[in-house]
Amino acid sequence: MTGISRRQWLAGGGALATSAALGGCDAPALRDLANPYGLSNALTFATQRWLLRHQPLVREFGPEAISTVFPTINTTDPKDEAYQRSKTAGFADWRLPVSGLVARPAAFSLAELRAMPARTQITLHSCEQGWSAIAGWTGAPLSHLLATVGLQPDARYIVIRSVDGWWDSYDLFDALHPQTILAYGMNGADLPVAHGAPVRLRVERQLGYKSLKYLTSIEAVARVDGIGKGRGSMVAELGFAWYAGI
Ligand SMILES: Nc1nc2c(c(=O)[nH]1)N[C@H]1C(S)=C(S)[C@@H](COP(=O)(O)O)O[C@H]1N2
Ligand SMILES: [Mo]
């Protein structure tokens, strides 16, 4: 694990989880208690945080567990013209802007992400559509990137967008989690286009849909209820839970 010990993580994560569960009245999962959808979302969110309070890291496997077939799903080659041009150029012009409530907004190239401390993790991906598979992912911890730009004290959520219009938001418990990485490698090779090249997110304790592919921007915000329909993510606007958890 880079930079932070398990004990430090437990202490910090526990505090964050408690504040998210008890104090986060502006979290989409914890608002809207008046309607049944809002109540069930709040309960799954709170239940997941409670169940995981002693188990902050997901299991990591050995190389022998890697699945021979890892499905590709939904977007597998974004139609976006700029993306296609960038793909042809080997993503040399790709940049990941990081903005919002940060001290030093910046845009990172693939080479700059690769130069950051890297983490490799072999994990089980579970898709809400009923399949799971194991792969090894290599990338820069999102926590490192956020430390580089300097989160401001009022930043509470990280909003991440993708080239195909998918977007999601993450509380700091997930954003700063040691297994949350900006992955540019899969099973020892460059991340394939079908799996989200040049860079995808891996948020290992959440269902597959929170591991966004084809990242285009990262933004630190104080609240997410003003974004889109205020549900916290694109899939939440389609009826899934903002935080389903696994
Ligand atoms: N931008 C973007 N991210 C995405 C998706 C997508 O279609 N577009 N699909 C999600 C879903 S539901 C899953 S299960 C995984 C699938 O990743 P894979 O194609 O590498 O298996 O990516 C997630 N992230
Ligand atoms: Mo999924």
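The exercises below, each with a worked solution, deal with a predicted model of a protein.

**Exercise 1. Find how much confidence the model carries, and where its coordinates call for caution.**

Begin with the protein as a whole: the mean pLDDT is 86, and 82% of the residues reach 70 or more. Then turn to the start of the chain, where residues 1-25 have a pLDDT below 50, although this stretch has 36 contacts in the model beyond near neighbours in sequence. Where pLDDT is low, the predicted coordinates should not be read in detail.

**Exercise 2. Describe the overall build of the protein in terms of secondary structure, burial and contacts.**

The first step is to list the elements, which come to seven helices and 10 strands. The second step is burial, and here 50% of the 246 residues count as buried. The third step concerns contacts between residues at least 6 apart in sequence, of which 71% join residues that are at least 24 apart. Finally, the accessible surface comes to about 10,900 Å², and carbon and sulfur atoms account for 59% of that surface.

**Exercise 3. Work out which residues touch the most other members of the largest nonpolar core, and follow one of them through its contacts.**

The largest nonpolar core has 49 residues, and those that touch the most other members are Leu 113, Leu 142, Leu 145, Ile 160, Leu 182 and Ile 218. Take Ile 218 as the example: leaving aside residues up to four places away in sequence, Ile 218 touches several residues, among them Leu 96, Val 98, Leu 142, Leu 145, Ile 160 and Leu 182. A second core, separate from this one, has 10 residues, including Cys 127, Ala 133, Ala 135 and Ile 181.

**Exercise 4. Classify the aromatic pair of Phe 70 and Trp 131, and locate both partners in the chain.**

A pair of aromatic rings is described by the distance of the centres and the angle of the planes. The structure holds six aromatic pairs. In the pair formed by Phe 70 and Trp 131, the centres are 5.8 Å apart and the planes make an angle of 85°; because an angle over 60 degrees counts as edge-to-face, this pair is edge-to-face. Next, place the partners: Phe 70 is in the loop between helix H2 (36-51) and helix H3 (81-88), while Trp 131 is in strand E4 (residues 131-141), so that the pair links distant parts of the chain, 61 residues apart. Now judge their burial, for which the cut-off is under 20%: Phe 70 counts as buried because its relative accessibility is 12%, and Trp 131 counts as buried because its value is 18%. Together with Trp 137, Phe 70 and Trp 131 form one aromatic cluster.

**Exercise 5. Find which charged ends sit over the rings of Trp 167 and Tyr 170.**

Over the ring of Trp 167 sits the charged end of Arg 161, 5.6 Å from the ring centre. Over the ring of Tyr 170 sits the charged end of Lys 210, at 5.1 Å from the centre.

**Exercise 6. Examine the backbone at Pro 198, Asn 74 and Phe 91.**

Most residues other than glycine have a negative phi, and most peptide bonds are trans. Ala 197 and Pro 198, however, are joined by a cis peptide bond with omega of about 5°, and Pro 198 is found in the loop between strand E8 (189-190) and strand E9 (200-203). Asn 74 has a positive phi of about 60°, lies in the loop between H2 and H3, and counts as partly exposed because its relative accessibility is 47%. Phe 91 also has a positive phi of about 60° and is found in the loop between H3 and strand E1 (95-100), but Phe 91 is buried, with a relative accessible area of 9%.

Key:
Residues numbered from 1 in each chain as written. Chains lettered and ligands numbered in written order. Predicted model: local features only at pLDDT ≥ 70, side-chain atom pairs only at ≥ 80, totals over all residues. Heavy atoms only, no water. Helix = DSSP H or I, 4+ residues; strand = E, 2+ residues; numbered from the N terminus. Buried < 20%, exposed > 50% of the residue type's maximum accessible area, 1.4 Å probe, protein only. Contact = heavy atoms within 4.5 Å. Areas by Shrake-Rupley, 256 points an atom, 1.4 Å probe, with all protein chains shown as cover. Core = buried A, V, L, I, M, F, W, Y, C linked by side-chain atoms within 4.5 Å. Phe/Tyr/Trp six-rings, centres within 6.5 Å; stacked < 30°, edge-to-face > 60°. Lys NZ or Arg CZ within 6 Å of the ring centre and 35° of its normal. pLDDT = per-residue confidence, 0-100.
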